Amino acid sequence: MQPGQEKVVINIVKEAFDESVAHDYTQEGIEEFFKFANENSLAERTKFNSFAMIAWQDKKPVGIIEIKDYCHISMYFVKPQYQKKGYGKALFNEALSIIIGKGNGINKLTVNSSLNAVPSYERLGFEIQSKEQCFNGIRFIPMILIL
């Protein structure tokens, strides 16, 4: 992601979140999520401790991944009509290459998975770390991938 592309990322996040995740959250959880998932917050995070990548198909943005501190997936969304077509896996593999290439001794990658995304993360090699949690209306399952 280049500076100035935050709106592109958030549009993908909003579309995928509304379709696949929002139904598992309370109104409080939805509002809390979008305090984090907005253009200004994303721009600030990527200035300091995060990087984000966008997947494109025919010059259309179709997916995003954001990695915090080279060790935690903050956001990972693919537009519903492009899911299960390899875009998410390609984004993940590219992000993993960057993390490993950084060579800073990071030996695990974590994520707070939405309930519906657990099988997708398991296919990528993640394991459930603990039971479902809820924080400010956001329901998630902590997962880990040992690198």
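1. Contact here means heavy atoms within 4.5 Å, and on that criterion, leaving out residues up to four places away in sequence, Leu109 touches Cys71, His72, Ile73, Phe92, Leu96, Ile99, Phe126, Met143, Ile144, Leu145 and Leu147.

2. The model is predicted, with local features needing pLDDT of at least 70 and side-chain atom pairs counting only at pLDDT 80 or more, whereas totals for chains, interfaces and linings use all residues. Residues are numbered from 1 along each chain as its sequence is written, and side-chain values use heavy atoms, with hydrogens and water left out.

3. The largest nonpolar core (buried Ala, Val, Leu, Ile, Met, Phe, Trp, Tyr and Cys residues joined through side-chain atoms within 4.5 Å, where buried is under 20% relative accessible area with a 1.4 Å probe, protein chains only) has 26 residues, and Leu109 is among those with the most contacts inside it, as are Ile65, Ile73, Tyr76, Phe92, Tyr121 and Phe126. Elements giving two or more residues to this core include strand 1 (50–57), strand 2 (60–68) and strand 4 (108–113), while the largest share, six residues, comes from helix 4.

4. A second core, separate from that one, has 18 residues, including Ile12, Ala16, Ala37 and Phe77.

5. The largest pocket (an open set of points on a 1 Å grid over the protein atoms alone, where a 1.4 Å probe fits, with protein on both sides within 12 Å along at least five of seven lines; lining residues have an atom within 4 Å of a point) holds about 1,200 Å³ of space. Of its 39 lining residues, Tyr76, Phe77, Ser114, Ala117 and Tyr121 lie nearest its centre, and strand 3 supplies the largest share of the lining, seven residues.

Methods. Buried means under 20% relative accessible area, exposed over 50%, partly exposed in between (1.4 Å probe, protein chains only). Helices (H or I, at least four residues) and strands (E, at least two) are DSSP runs, numbered from the N terminus. Grid points are joined across faces, edges and corners, and a volume is the space filled by probe spheres set on the points.
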